[in-house]
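Colleague: Before I rely on any of the labels attached to this model, I would like to hear the reasoning behind them, label by label.

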Amino acid sequence: MNADAPTKRPGGRSSHVRAAVYSAVVALVSERGADQVTLPAVAKRAGVNSSTLYRRWGTLAALLADVAKHHGDADAPPLVGDLRTDLENQTLWTLTELSRPGGIAFFRAEVAPDIDERRDGLRECLHRVSERFRPVLDAARERGDAPPSLEQILDRIVAPLYFRVVFSIPGTDEAYVRGLVAELLGKLQMES
């Protein structure tokens with residue numbers, strides 16, 4: 001092994017380029033709205049050549065969908081150990097993510113015009129949202145609580161929330177979120 005050979009950076013250039021591009025996309029969508037963002041504008045903001053974006057992602061829709069997929073849940077609220085509070089916190093955080101500038105644009109990008117891509121994007125979105133609520137349910141079961149099923153959360157909390165955000169229905173706010181959680185938990189109490 002040559003001692004003079006340069007050592008590789010962890011992640012390499014590719015991860016640095018991807019991070020710069022993701023950051024540029026989020027900033028531009030927040031500033032301009034998704035319909036005003038172009039691949040050349042993203043490339044300029046990220047400090048990379050446009051050909052890099054066309055080669056790696058091909059279209060702006062594919063790039064937006066990839067950013068949505070990898071946006072990550074780093075800002076997810078910590079669990080506090082109370083089912084109602086944890087459900088409310090996760091749901092409020094989901095609403096905040098959807099409502100932030102460009103948030104719904106990333107969701108719409110996952111719902112691609114191509115039917116096969118749309119199915120894949122929706123499956124990925126459903127998986128990501130489901131994974132946000134699994135820790136809440138797992139922690140509740142570990143405490144001996146009887147939480148709702150994931151399907152009940154998706155049907156009674158997530159679906160109405162996404163519907164209202166997508167269609168910009170007024171009143172989709174913290175009080176609405178707390179009402180969804182209270183309604184689901186109240187229904188469960190009545191059934192038990």
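Colleague: Where do Asp138 and Arg141 lie, and how far apart are they along the chain?

Modeller: In this predicted model, Asp138 and Arg141 both belong to helix H7, which covers residues 115-142, and they are three residues apart, about one turn of the helix.

Colleague: What makes the contact between Asp138 and Arg141 a salt bridge?

Modeller: The side chains of Asp138 and Arg141 come to 3.0 Å, N to O, and the criterion asks for a side-chain nitrogen of Lys or Arg within 4 Å of a carboxyl oxygen of Asp or Glu, so the pair qualifies. In general, side chains of opposite charge can pair when their charged atoms come close.

Colleague: Why are Asp138 and Arg141 each called partly exposed?

Modeller: Asp138 has a relative accessible area of 36% and Arg141 has one of 45%; since buried means under 20% and exposed means over 50%, both values fall in between, and therefore both residues count as partly exposed.

Colleague: How do you know that Arg45 and Glu31 link distant parts of the chain?

Modeller: Their side chains meet in a salt bridge at 2.8 Å, N to O, and this pair joins Arg45 in helix H2 (residues 39-46) to Glu31 in helix H1 (residues 12-32), with their positions 14 residues apart. Arg45, at 39% relative accessibility, is partly exposed, whereas Glu31, at 52%, is over the 50% limit and is therefore exposed.

Colleague: Why does the pair Lys187 and Glu191 count as a salt bridge?

Modeller: The closest N and O atoms of Lys187 and Glu191 are 2.4 Å apart, which is within the 4 Å limit, so the label applies. Both residues lie in helix H9 (residues 174-191), four residues apart, about one turn of the helix. Lys187 is partly exposed at 28%, while Glu191 is exposed at 52%. Elsewhere, salt bridges that share partners join Glu88, Glu174 and Arg178 into one network, and the structure holds seven salt bridges.

Colleague: What makes the aromatic pair of Tyr22 and Trp57 tilted?

Modeller: The structure holds two aromatic pairs. In the one formed by Tyr22 and Trp57, the centres are 6.4 Å apart and the planes make an angle of 50 degrees; the distance is within 6.5 Å, and the angle is neither under 30 nor over 60 degrees, so the pair counts as tilted. The pair links distant parts of the chain, with Tyr22 in helix H1 and Trp57 in the loop between helix H3 (50-56) and helix H4 (60-70), 35 residues apart. Tyr22 and Trp57 are both buried.

Colleague: Which angle makes the pair Phe163 and Phe167 tilted?

Modeller: The planes of Phe163 and Phe167 lie 50 degrees apart, with 4.9 Å from centre to centre, so the 30 and 60 degree limits again leave tilted as the label. Phe163, at 48% relative accessible area, is partly exposed, but Phe167, at 55%, passes the 50% limit and is therefore exposed.

Colleague: What places the charged end of Arg164 over the ring of Tyr176?

Modeller: The charged end of Arg164 is 4.2 Å from the centre of the Tyr176 ring, which satisfies the 6 Å limit; the label also requires a position within 35 degrees of the ring normal.

Technical notes
Residues numbered from 1 in each chain as written. Predicted model: local features only at pLDDT ≥ 70, side-chain atom pairs only at ≥ 80, totals over all residues. Heavy atoms only, no water. Helix = DSSP H or I, 4+ residues; strand = E, 2+ residues; numbered from the N terminus. Buried < 20%, exposed > 50% of the residue type's maximum accessible area, 1.4 Å probe, protein only. Phe/Tyr/Trp six-rings, centres within 6.5 Å; stacked < 30°, edge-to-face > 60°.
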